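Today I set out to look up the aromatic rings and what they pair with. These are my notes, in the order in which I looked.

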Amino acid sequence: REVKRAVYEALKVLSGSGSPEELLNSVIKGTKSVVGLKVNVYFGEPNNATHPAVAYALAELINKIGVNRNNIIIWDRAEDELNKANYQTNKSAKDVRCLATLTHRNPRFAKPFIGYEDSPITIGKAQVRLSKLVNMSNVIINMPVLRTYKFKDNTGISNAITNMYHVVDIAEADMPFFYDNECNPGAAEIYNIPAIKTRTGLTVCDAIYPLYNGGPGDDQRYHWRANAVIASLDPVALDTVAQNIIQKYRDKVMPGEQPLKSAYLETCAKAPYLLGASDIKQIDVIEREI
């Protein structure tokens with residue numbers, strides 16, 4: 001019940017008009033749309049994944065504005081990761097669907113669940129294949145989980161922008177293009193793929209139990225109960241605010257540590273990407289306790 005209320009209040013504040021329904025209607029643009037909720041269940045770690053309660057609370061609100069429950073798809077990369085994170089995959093023509101691109105995260109066992117598109121797209125000198133779930137969704141709502149990412153040289157944030165990494169199949173030879181230099185500009189390149197950028201109009205972040213050190217894999221020593229949900233129409237602004245939230249907590253419990261640094265966020269804000277605002281001075285932050 002508390003999670004449902006938190007999701008509702010986050011959208012209510014974001015709407016400006018005080019109407020989550022009005023906000024969702026403006027994002028979804030038609031009750032016949034297929035709405036994909038892109039969660040993050042990396043490694044299938046329940047305490048380090050988008051909680052099912054958050055995803056299904058949003059699905060319930062979307063259904064209330066008239067979208068058929070079966071036209072709502074909760075999805076991520078692999079079926080085994082979803083199941084380990086307490087989701088139950090559902091391909092049926094009844095109720096909210098829960099789907100994956102692949103059956104397994106491990107390439108040795110992975111088979112198509114829904115699969116990747118046959119034709120690759122070119123990004124710079126690299127080629128990737130999109131999950132078929134991208135094109136199955138008229139609208140994508142980004143639903144990351146708040147956590148840090150230990151890069152080679154510093155610690156940054158892994159949240160809304162990087163949640164799209166597992167939407168694409170990247171050839172081994174192209175991995176450096178997307179992952180080197182601490183995902184800069186790789187993260188911006190992926191989010192800027194037209195099928196992702198144009199479909200993704202809303203981000204609802206699960207900040208209930210954030211990971212504030214290490215990552216992206218779980219480490220139970222470094223969680224805290226923030227009990228928050230963050231919503232924004234701007235994924236870069238959301239990540240900038242989310243990074244500040246984690247930084248404030250780290251300053252209390254890890255004084256003297258290097259500040260978090262996610263250089264790809266500044267890249268996302270600049271041409272040719274223009275994915276959102278990375279300057280905290282340009283971002284209106286509204287907090288509401290419930």
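I began with a cluster of rings in this predicted model, where ring pairs link Tyr212, Tyr222, Trp224 and Tyr249. I then counted the aromatic pairs, and the number comes to 9.

I next looked at Tyr165 and Tyr179, whose ring centres are 4.9 Å apart with the planes at 45 degrees, so I noted this pair as tilted, the angle being neither under 30 nor over 60 degrees. Tyr165 lies in the loop between strand S8 (155–158) and strand S9 (168–170), while Tyr179 belongs to helix H6 (residues 175–183), so the contact ties together parts that are 14 residues apart in sequence. I checked accessibility for both partners: Tyr165 is buried at a relative accessible area of 4%, whereas Tyr179, at 31%, is partly exposed.

I went back to the cluster for the pair of Tyr212 and Tyr222, which I recorded as edge-to-face, with 5.7 Å from centre to centre and 80 degrees between the planes. Both residues are placed in the loop between strand S10 (200–211) and strand S11 (228–232), 10 residues apart. Here Tyr212 is buried, with a relative accessible area of 8%, and Tyr222 is partly exposed, with 21%.

Last, I looked for charges over rings. I found the charged end of Lys91 over the ring of Phe113, at 4.3 Å from the ring centre, and the charged end of Arg225 over the ring of Tyr209, at 4.2 Å from the centre of that ring.

Conventions:
Residues numbered from 1 in each chain as written. Predicted model: local features only at pLDDT ≥ 70, side-chain atom pairs only at ≥ 80, totals over all residues. Heavy atoms only, no water. Phe/Tyr/Trp six-rings, centres within 6.5 Å; stacked < 30°, edge-to-face > 60°. Helix = DSSP H or I, 4+ residues; strand = E, 2+ residues; numbered from the N terminus. Buried < 20%, exposed > 50% of the residue type's maximum accessible area, 1.4 Å probe, protein only. Lys NZ or Arg CZ within 6 Å of the ring centre and 35° of its normal.
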